[in-house]
Amino acid sequence: MSLISVENLSLDIYGTPILRDVSFDIAQGKVFGLVGESGSGKSMTSLALMKLLPDGARRSGRAVIDGRDLFALDEAAMCAIRGNQIGMIFQEPMTALNPVQTIGDQVAETLVVHGVAKRAEALAIAREKLDRVGLDGARFPLDRYPHELSGGQRQRVCIAMAVALRPRLLIADEPTTALDVTTQAQILDLLRGLVEEEGMSLLMITHDLAVVSGLADHVAVMQEGRIVEQGPTEELFRTRAHDYTQRLFAASAHRPAREPTVTDEILLTVEDARRSYALPRRSLFGTAPKLEAVRGVSFTLRKGESLGLVGESGCGKSTLTRAILGLEDLQGGSIRLFDREPVKPGMANALRAGLQVVFQDPYGSFNPRWKVSRLVAEPFHLMPHPPADARDRVNDALVEVGLRPDDADKYIHEFSGGQRQRIAIARALINRPDLIVLDEAVSALDVRVRAQILDLLARLQETHGLGYLFISHDLHVVRAITDRVMVMKAGEIVETGETEAVFANPQHPYTRQLIAATPTIPAQWQMQEHA
Amino acid sequence: MKRLPMTLVAGALLTAVFAVAALVSLAWTPHAVEGMNIATRLQPPGADHWFGTDHFGRDILSMIMVGARTSIAVAVIAVGMGMVLGVPLGLLAAANRGGLIDEVIMRGNDLVFAFPALVIAILITAVFGPSAVNAIIAIGIFNTPVFARVTRGGALSLWTLDYIRAARVAGKGAGRISIEHILPNIANLLIVQGTIQFSLGILAEAALSYVGLGAQPPTPSWGRMLAEAQTMIAMAPHLAIIPGLAIVLTVLGLNLMGDGLRDILDPKLRRAR
């Protein structure tokens with residue numbers, strides 16, 4: 001029995017086609033997964049169902065729920081449906097809550113707005129719902145504010161808001177993408193439990209095949225505004241009839257061919273690194289408490305080696321990264337490249353030239369007002385004189401990362417996310433450093449682009465004998481690209497070893513927890529391997 | 001940017017009318033501004049004197065044109081002074097965000113903000129004598145913290161971006177980063193703020209001249225024209241209405257232009273239109 005059926009949904013925004021003939025049914029009490037890369041139209045599909053489309057959108061087709069076509073309803077009727085019949089949660093729990101309202105008020109508001117309860121009664125229901133999503137009354141009273149909660153806890157509040165009126169359909173748009181793996185596992189459990197207990201249907205939108213495989217009954221794969229393939233999850237995952245689905249699967253399981261040429265020469269030595277921050281004072285005369293972000297971290301990285309650093313947000317890996325890049329002082333211990341002077345802010349340019357970095361966000365990594373030639377050439381600042389063949393070297397670097405020399409005269413907005421990440425790598429390579437810090441460098445990319453970038457990184461490592469410090473929260477990626485891995489928790493390295501050994505036989509309980517929490521596609525579904 | 005916003009077009013046209021009037025007045029005015037002619041005094045607007053004449057028989061159109069020159073010159077120099085002082089202070093504060101220098105600069109700003117601007121301007125001109133130059137200095141001082149704040153605010157959000165970190169990894173210091181990366185990316189903020197401060201500068205100049213502390217006679221000034229018209233408002237209302245309209249329309253034009261510029265320069269607002 002289908003709860004909602006979408007028929008031939010098409011959408012244009014200012015004349016640009018966004019969706020074409022999207023049709024699917026979501027069954028009562030089932031989970032429907034919508035998978036696709038960014039820009040494939042998955043979020044627009046959900047916004048079309050909620051009629052929350054941006055300006056300039058023109059839509060055709062039908063979305064029938066209870067024999068009524070949602071698209072034929074006026075705004076007032078739609079307001080009655082939003083929240084009541086259809087609830088929604090978003091990707092970014094940090095901005096989905098109003099920071100000046102308590103969590104109790106925000107959950108209760110839905111009930112009051114829809115006129116099902118008076119305020120006092122609504123607050124009582126809000127309490128129940130918050131208990132249901134795992135925020136118990138003792139630790140999370142209704143008068144908490146969003147800033148007092150972590151990301152995962154905020155996402156729970158968002159879920160409580162969305163399910164407060166027991167909607168028949170819950171739309172979850174990348175609900176766990178911004179969360180750590182262990183938190184993600186908890187939120188997915190919670191959603192699964194809600195669907196089972198409340199008989200609610202769930203439209204789960206995600207780019208992550210593994211998340212869908214563990215949650216959805218039905219899956220649809222979207223590409224460029226069309227559904228290219230849909231069916232029961234296991235069947236679809238096993239057969240992969242459509243060419244695009246196959247490519248998506250191949251890319252998400254992709255492991256670059258690596259022949260690491262690790263030498264014995266020690267490239268980076270971190271010795272007992274320590275760094276703490278003063279927290280706000282709790283009382284007027286008390287001493288300020290300290291947050292020990294990095295607590296005595298020691299490790300070495302050899303020339304040509306690729307070393308992974310995994311850990312969840314707040315574990316201190318960002319602080320450690322900044323210290324290794326010489327952007328921040330340490331309070332104890334030292335960081336050295338080879339046997340040179342210690343790395344620190346204000347170190348000599350010649351020393352700094354051995355280090356480069358690629359950041360996560362391909363959109364924030366470049367000055368929008370510079371041309372690519374100038375962006376890529378920025379590290380030449382580290383040389384006493386800009387090289388005479390600077391332009392040739394920029395062109396070479398662009399060719400090396402798979403771009404064309406005439407791309408140098410373009411501005412950064414003319415490039416896609418994956419191309420920008422290639423430009424970031426070209427910038428990191430231009431000075432021929434010894435160590436490149438890859439700070440979540442592929443986390444923001446779609447799976448197919450990520451596979452290409454990983455291949456590129458593997459190839460460059462071989463040709464240049466680079467050392468990589470690969471920082472990521474994504475265990476699949478770390479497993480694919482690193483020789484050794486370190487697991488960091490609360491400012492300390494809790495486990496370190498050969499990557500395969502650590503993944504196959506994790507020793508520390510935290511490592512085991514991380515590996516267990518990482519969603520994976522069941523191994524037996526992968527058996528029928530497609531070329 | 002296919003279509004310019006209406007506000008920008010309207011604002012730019014209004015502003016252009018006064019800018020052209022000011023420029024033309026350098027070479028030519030319909031009548032000599034300083035030429036008194038008691039015989040034709042207090043004439044209403046007519047064929048010979050389009051905007052009429054004042055109590056000394058001077059041509060009001062000519063005075064408005066030269067007055068536009070005074071107003072624009074004072075406001076441009078004052079805003080320029082505010083930018084030249086304020087922007088580097090703001091960049092410096094942002095580069096040292098959270099540090100002592102930031103604290104000193106921003107608290108200094110608060111201090112300047114805490115004084116009522118016009119009262120202090122009156123004090124300055126009263127102590128150093130009324131003149132256009134002193135009016136410029138007074139208005140410029142109060143423009144400084146405005147630009148320092150706007151600069152710091154815009155720069156702070158940029159300092160957290162990855163391309164700034166990449167520049168630091170490339171060994172660039174705070175000064176170079178401020179000039180190469182930060183300044184070009186907050187230029188739009190400064191242009192918009194500049195137009196708005198410009199209109200405030202014109203108002204401030206008019207106010208100072210009104211109380212006799214701005215440009216001194218015989219240089220015509222809109223504010224003083226208003227002040228002189230005050231006693232004759234019943235006999236010759238055009239004496240007050242015309243300079244009043246000049247002030248209102250210039251300020252309106254500049255504000256509309258500032259709004260329009262913000263619409264096309266700020267990508268965050270561009271889509272919301």
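Leu469(A) makes a good starting point: leaving aside residues up to four places away in sequence, this leucine touches Leu301(A), Leu307(A), Leu309(A), Ile324(A), Leu435(A), Val437(A) and Leu438(A). Contact here means that the C-beta atoms of two residues, placed from the backbone, lie within 7 Å. Before we go further, note that this is a predicted model, in which local features need pLDDT of at least 70 and side-chain atom pairs count only at pLDDT 80 or more, while totals for chains, interfaces and linings use all residues. Residues are numbered from 1 along each chain as its sequence is written, with chains lettered from A and ligands numbered from 1 in the order in which they are written.

Leu469(A) also belongs to the largest nonpolar core, a set of 217 residues in which Leu203(A), Met204(A), Val376(A) and Leu469(A) touch the most other members. Such a core joins buried Ala, Val, Leu, Ile, Met, Phe, Trp, Tyr and Cys residues through C-beta atoms within 7 Å. A residue is called buried if 20 or more other C-beta atoms lie within 10 Å of its own, exposed if 12 or fewer, and partly exposed in between, again with C-beta atoms placed from the backbone. The largest share of this core, 20 residues, comes from H2(B). Helices (H or I, at least four residues) and strands (E, at least two) are DSSP runs, numbered from the N terminus.

Two of those core residues, Leu203(A) and Met204(A), turn up again around Leu34(A), which sits in strand E3 (residues 31-36) of chain A. Leu34(A) has 28 other C-beta atoms within 10 Å, so this residue is buried. Apart from residues up to four places away in sequence, Leu34(A) touches Lys42(A), Thr45(A), Leu203(A), Met204(A), Ile205(A), Ala220(A) and Met222(A).

Earlier in chain A, strand E1 (residues 2-13) and strand E2 (residues 16-27) pair in the antiparallel sense over eight bridges; two strands pair if DSSP finds at least two bridges between them. E1(A) and E2(A) form a hairpin with two residues between them, and Tyr14(A) in the turn has a positive phi of about 45°. Within this pairing, Ile4(A) stands opposite Ile26(A) in E2(A).

Chain A also holds an open sheet of six strands, with mixed pairing and the order E15-E16-E17-E13-E18-E19. Its edges are strand E15 (355-358) and strand E19 (492-498) of chain A, each of which pairs on one side only. On average, neighbouring strands of this sheet are turned by 20° against each other, direction ignored. Inside the sheet, strand E16 (residues 435-439) and strand E17 (residues 467-472) of chain A run parallel and are joined by five bridges. Ile436(A) has Tyr468(A) in E17(A) as its bridge partner. Lying across E15 and E16 of chain A is helix H14 (residues 417-429) of chain A, which runs at about 175° to E15(A). Axes are lines fitted to C-alpha atoms, for helices over the stretch in contact, and angles run from 0 to 180 degrees between N-to-C directions.

Now for the partner chain. Chain B has ten helices and zero strands, and its C-alpha atoms fill a box of roughly 75 × 50 × 30 Å, taken along the principal axes. Of the 273 residues in chain B, 46% are buried. Among contacts in chain B between residues at least 6 apart in sequence, 72% join residues at least 24 apart.

One helix pair to look at is helix H2 (residues 60-95) and helix H3 (residues 100-114) of chain B, whose axes come within 7 Å and cross at roughly 140°. Leu89(B), Leu92(B) and Ala93(B) in H2(B) meet Ile101(B), Asp102(B), Ile105(B) and Met106(B) in H3(B).

Where do the chains come together? The contact takes 19 residues from chain A and 14 residues from chain B. On the chain B side, the elements that give two or more residues are helix H6 (162-169) and helix H7 (174-210). H6(B) supplies the largest share, seven residues. Eight of the eight residues of H6(B) are buried, so this helix is largely enclosed by the rest of the structure. Those buried residues pack against E15 and H14 of chain A, together with helix H5 (132-159) and H7 of chain B. After H6(B) comes Gly171(B), whose phi is positive, near 80°.
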